[in-house]
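Hi,

Here is the structure I promised to pass on. Please have a look at it first; my notes follow below.

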Amino acid sequence: MMRAYAETARLLVDVAMGRAAADLVVRGARWVNVHSGEVIPATDIAVADGRFAYCGPDATHTIGPRTVVVEARNRYVVPGLCDAHMHVESGMVTVTEFCRAVIPHGTTSMFIDPHEVANVLGLAGVRLMHDEALAQPVNVWTQMPSCVPSAPDLENAGARIGVAEVEEAMRWPGMIGLGEVMNFPGVIANDPVMAGAIAATRHAGKVVGGHYASPNLGRDFHGYVAGGAQDDHEGTRADDAIARVRQGMKAMLRLGSAWYDVAEQIRAVTEQGLDPRNFILCTDDCHSGTLIAEGHMDRVVRHAIRQGLKPVTAIQMATLNTAEHFGLEREIGSITPGRRADFLIVSQLAELRIDEVYGRGVRLAQNGQLTADIPVYAYPDTAMRTVHLGRKLTAQDFELSAPAGKNHVEARVIGVIENQAPTEHLQRRLPVIDGKVPGDPEQDVCRIALVERHRATGDVVNALVSGFGYDVPCAMASTVAHDSHHMIVVGTSADDMAAAANRLGDVGGGVVFFRDGVEAAMVELPVAGLMSTERAEVVAAKVDALLAAMRAAGCKLNNAYMQHSLLALVVIPSLRLSDRGLVDVERFELVDVFA
C-alpha cells in the first residue's frame, strides 16, 4: 500500500539533503519536465519510499550501500502515462489483466469508469472492480458510473444507479469522481437523478465527467455545461474541442480501437493556437488486440506527436494535464519531488520507445515485457452467471415482419460509420419476401436483433443495419452491447443468429461468430458477460480469429467488433437499437422500423 505524502515527507527531505539514502537513483538522464516544458540534460533522479525525493544535476549524496543505481546513459526520463478516461471492460479482461497488458506500454495511472459492469451487476459490480483496482501496483482510480441505464426512458439495463448509490460510492477510498454523464437530455431538463448525482459528486469535492454526444453547440450545449460536467471526450471536430475549452471544460481527445478523434480536434492547438494545457489524451475503449499489437497510451501520444505537437506537449496531455484535472497534481503526472515515482526510461522521445517502466519506484517492465508479479484477482460466482435468456431461441425470433400486403418497404436502417461512435439514420427501400424483410445484400443491409439477457424475458427486438458488408449466411452475437449490455446479434441468416444467441446463453457470455451453421470463432467472457479471466494476449488471439471470421464473411470495417458492440448505445446519435425498440437518438424517442 502506498503511504501518504505526509507520512513520508520527512524522509524525502532527509534524502534530498543527503542525510538518508535513496532506494533508487537514476543517473545521467534527460529529464522531460512537463511543468516547464523543457528537456533538461545530465539529470539525476532519487527515489525513496515510492516517491521522488531529488531531481537535479547530481544525486551522489543520496546514494547509500543499498541504493539501486540505474544508469540512464543519456536516455529520457518521462512521467508515467495517464489514461484519463477508459472502460477496462472494453479490453475484454479484468482490471488485473488490463494492467498486465498496459504497464509495458508505459501506462501507470488509469481513471476507469466501470459503467459496463454496473449495467449488469449494479453497485456490487462497481465495488468489485473498485476493490480490484486498489490491489494493483500502478494507480487505478474509479469513477462512479452516472447513468445506469444510460437513457432510462429508452432502455432497461440489468440494474439501476441512483443518487443514493452515488453518495455511497463517493465515500469509497479509490473513488475519484462521477463517470461520464451521458444522459445530457436529463441534465438540461434538470432531471432529479442527474442533478442529484452531480450535486453529490461536487459535495464530495470530486470531478464530474462529461459526455455530450450531440453536434449541437447551441443552447443545449450551454445548458449541459452549466449542469456541472468538467470534461468531455465525445468531440470529433476541432470546433467541439474549442467550444469545450472556451466554456472551462477539459477537452479529452480519444484514440481507441475504433475512435480516431485526436487528429481533427488537435487542430484547435496546432492551427488555432489554443492553450494545450486544457487538452487531455485518453483511449475510452481499447480491446485486447489493440493493446497487444499497437499499445495503449504510448500509442495515443505517438499519434498526437505525428499530428504536429511537440513531444513534450503531447506528453503533458497524457500526464500533468490529467493529474491537475483530477486534483492529483501533487501525487502523479510529473517527475518532481513528492510525487509518486512513476516514470519511464525512453530511448527515443518522438517515437516514445520505452525501455523500462517504473511504478512507485519499482521496475515493472523492461523492453516491452512485464517483469513484476501481479497476483490473479478472483471474481465471485455471482459475477459469472449473468446471461439469462429464459428460453431456447429459434430462427423465427429473428425474422422481421413487414406490414401486411407490402411487396416493398421504406425502412429505417442503422448506418455504421467507420472509426466513429456515431451512426447514420439511413432510409432504404427493401424487398419483402414471404411477408418478411430479410435485408438486402446489394444495399449492404442485414438483420440486427437485441436479445434481452438480464431478466430472462425471452424478448427479441428486430431491426436493420448497414455497413458490415456480410455476403454469406452468417451471424455474430455479443453480450458486450453498450451500454445496457443485453445481447446484440447481427447477421444475414436467421438460423445462424439463433445458433449464435443460444451458444452465448450456454457459455455465460462473450462474442461468437457462426457461418453456415458452424461456429467459426468464439471469445468467452464469463465475468458479467463482459470480461475474460484469461491473459490479454490469449484474448487478443481469440479476437484476431473473430475478426478473421468476420472478414472472411465479407466484412471490411476497421475494428468491426467494436462497431458491433456499440449498436445499442442509445446516447450517441443517430439511430440505435434497445430492448424497447429502435431509437432515434437525435430526437430521443422510439421510432418504427418502417418509415
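Three nonpolar, five polar and two charged residues make up the lining of the second largest cavity. This is a predicted model, so please read everything here in that light. The space inside that cavity is about 40 Å³. Its lining consists of Ala84, His85, Gln143, Glu180, Gly209, Gly210, Asp231, His233, Met252 and Phe326. Strand E6 (81-86) and strand E10 (207-210) are the elements that give two or more residues to it.

How many cavities of 30 Å³ or more does a search of the whole structure find? Two. The largest has a volume of about 120 Å³. It is lined by 18 residues, and His87, Glu180, Asp284, Asp285 and Leu569 are the closest to its centre. By class, that lining has six nonpolar, five polar and seven charged residues. Note Glu180: it is among the residues closest to the centre of the largest cavity, and Glu180 also lines the second largest one.

Now the open space. The largest pocket has a volume of about 420 Å³. Its lining counts 20 residues, with Met1, Met2, Leu134, Arg340 and Arg360 nearest the centre. Of the lining residues, 13 are nonpolar, three polar and four charged. Helix H3 (115-134), strand E8 (139-144) and strand E9 (175-181) supply at least two residues each. E8 gives the largest share, three residues.

Next, the sheet. Eight strands form an open sheet with mixed pairing, in the order E19-E18-E21-E20-E23-E22-E24-E25. Why do strand E19 (423-431) and strand E25 (518-524) each have one side without a neighbour in the sheet? They stand at the edges, each with a single partner strand, so one side of each is left free of a neighbour. From one strand to the next, the twist averages 25°.

At the E19 edge, strand E18 (residues 408-416) pairs with E19 in the antiparallel sense, over nine bridges. There, Gly415 stands opposite Glu424 of E19.

Two helices go with this sheet. Helix H15 (residues 494-507) lies across strand E20 (445-451), strand E22 (474-478), strand E23 (487-491), strand E24 (510-515) and E25. H15 runs at about 150° to E24. Helix H16 (residues 536-552) packs on the sheet as well, touching E22, E24 and E25. The direction of H16 makes about 145° with that of E25.

Best wishes

Methods. Residues are numbered from 1 along each chain as its sequence is written. This is a predicted model: local features need pLDDT of at least 70, side-chain atom pairs count only at pLDDT 80 or more; totals for chains, interfaces and linings use all residues. Side-chain values use heavy atoms; hydrogens and water are left out. Two strands pair if DSSP finds at least two bridges between them. Helices (H or I, at least four residues) and strands (E, at least two) are DSSP runs, numbered from the N terminus. Axes are lines fitted to C-alpha atoms, for helices over the stretch in contact, and angles run from 0 to 180 degrees between N-to-C directions. Contact means heavy atoms within 4.5 Å. On a 1 Å grid over the protein atoms alone, a cavity is a set of points where a 1.4 Å probe fits but cannot get out, and a pocket is an open set with protein on both sides within 12 Å along at least five of seven lines; lining residues have an atom within 4 Å of a point. Grid points are joined across faces, edges and corners, and a volume is the space filled by probe spheres set on the points. Ala, Val, Leu, Ile, Met, Phe, Trp, Tyr, Cys and Pro count as nonpolar, Asp, Glu, Lys and Arg as charged, and the others, Gly among them, as polar.
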